[in-house]
Structure formats: structure tokens, C-alpha cells
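Visitor: I am new to this structure and would like some help reading it. Could you walk me through its features one at a time?

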Amino acid sequence: MKMRIVLGLSALLALFVVTALAADVSGKWVGTSQGRDGKARETTFNFKVDGEKLTGTVSGRGGDREISEGKVTGDEISFAVKVSFGDREFKMLYKGKVAGDEIQFTVQREGGERTTQMTARRAN
């Protein structure tokens, strides 16, 4: 019985440690990527974090889009954004690694092979 309690408390402590070590990405971030035409494109991220759950918006040329499937685990962040193009709708998948006030993202269309790299920096 005591062993179960000790194991249970250890698991709970490990969960708190992982949550405490999760990167704090709440707030506004501005990302830059290179478009197909070679010009820089700016994207604004407004993140809200509750534990490991990530919500918020992504704003760019197409307006504001809600974040779905958002997650922050340690220094890794991932989420999806629905994009409409004409009568087609698809998801863009974002995966990133947080280092201080910078996030290195890989962006990929769901089901696609091509990826885009983006660096986002915390806005002041």
C-alpha cells in the first residue's frame, strides 16, 4: 500500500515538473518567413497557454485564424490552423522549438511534403 502511494506521488511530482518546465510562450510573437516570390512575409501569433494546452490566433495576409490542436510540452510547441483557399480548406501544421524569446518553426500543409521554416520572436 505504501509503495503505491509513493509511486503515485512520484508520478504526480513528475507531472508538475514537466508542466513547470514548459516554455512560457503566452503573449504576442512575430514570425518571418520567405515566400515563394522571395519576399519576407510576417505572421503574428497571439498565444494563450493553460498547462500544456495552447490556444490563440495566427494573423497574416489572410486575416486572423484560430489555433486548434495546440500543445506545449517542455520546449516544444505544436498547433494547427485551418486555411481556406477558394472553395478548398486545409490545415497548416506548425511545430516549433522554443529557445528563450525565439521559436524555430517548421510549417507544413497537412498531407503535404513541402515544409517552410519560420523564426518567431517575442514582441515587446
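Guide: Happily; we will go through the overall layout, the strand pairing, the aromatic rings and the backbone angles. Please keep in mind that this is a predicted model.

Visitor: Let us begin with the layout. How many helices and strands does the chain have?

Guide: The chain has 1 helix and 8 strands. Read along the sequence, the helix is followed by the strands, in the pattern α-β-β-β-β-β-β-β-β.

Visitor: What share of the residues counts as buried?

Guide: Of the 124 residues in the chain, 30% are buried. The accessible surface comes to about 8,500 Å², and carbon and sulfur atoms contribute 53% of that surface.

Visitor: Now the strands. How should I think about strand pairing, and what do the strands form here?

Guide: In general, the strands of a sheet pair through backbone hydrogen bonds, and the pairing is either parallel or antiparallel. In this model, the 8 strands make a closed barrel with antiparallel pairing, in the order β1-β2-β3-β4-β5-β6-β7-β8. From one strand to the next, the twist averages 30°.

Visitor: How many bridges join β4 to β5, and what about their neighbours?

Guide: β4 and β5 are joined by 5 bridges. On one side, strand β3 (residues 53-60) is joined to strand β4 (residues 63-73) by 6 bridges. On the other side, 10 bridges join β5 to strand β6 (residues 88-99).

Visitor: Which residues could I look up as examples of partners?

Guide: Try Lys53, whose bridge partner in β4 is Lys71. Ser68 has Ala80 in β5 as its bridge partner, and Phe79 stands opposite Tyr94 in β6.

Visitor: Phe79 and Tyr94 both carry rings. How do I read a pair of rings?

Guide: A pair of aromatic rings is described by the distance of the centres and the angle of the planes. A search of the whole structure finds 8 aromatic pairs. Take Phe45 and Phe47: their ring centres are 5.5 Å apart and their planes are at 25°, so this pair is stacked. Both Phe45 and Phe47 are buried.

Visitor: Is the pair of Phe47 and Phe79 stacked or edge-to-face?

Guide: That pair is edge-to-face, because the planes are at 65°, with the centres 5.6 Å apart. Phe47 lies in strand β2 (residues 40-50) and Phe79 in strand β5 (residues 76-85), so the pair ties together parts that are 32 residues apart in sequence. Phe47 and Phe79 are both buried. Ring pairs also link Phe45, Phe47, Phe79, Tyr94 and Phe105 into a cluster.

Visitor: Which residue lies over the face of Phe90?

Guide: Arg109 does, at 4.2 Å from the ring centre.

Visitor: Last, the backbone. What should I know about phi, and where does a positive value turn up?

Guide: Most residues other than glycine have a negative phi. Two hairpins here hold a glycine with a positive value: Gly74 has a phi near 60° in the hairpin of β4 and β5, and Gly86 has one near 65° in the hairpin of β5 and β6. Each of these hairpins has 2 residues between the strands.

Visitor: What is the phi of Glu69?

Guide: Glu69 has a positive phi of about 55° although it is not a glycine. Glu69 sits in strand β4. With a relative accessibility of 52%, Glu69 counts as exposed.

Conventions. Residues numbered from 1 in each chain as written. Predicted model: local features only at pLDDT ≥ 70, side-chain atom pairs only at ≥ 80, totals over all residues. Heavy atoms only, no water. Helix = DSSP H or I, 4+ residues; strand = E, 2+ residues; numbered from the N terminus. Buried < 20%, exposed > 50% of the residue type's maximum accessible area, 1.4 Å probe, protein only. Areas by Shrake-Rupley, 256 points an atom, 1.4 Å probe, with all protein chains shown as cover. Phe/Tyr/Trp six-rings, centres within 6.5 Å; stacked < 30°, edge-to-face > 60°. Lys NZ or Arg CZ within 6 Å of the ring centre and 35° of its normal. Pairing = 2+ DSSP bridges. Axes fitted to C-alpha atoms, helices over the stretch in contact; angles between N-to-C directions.
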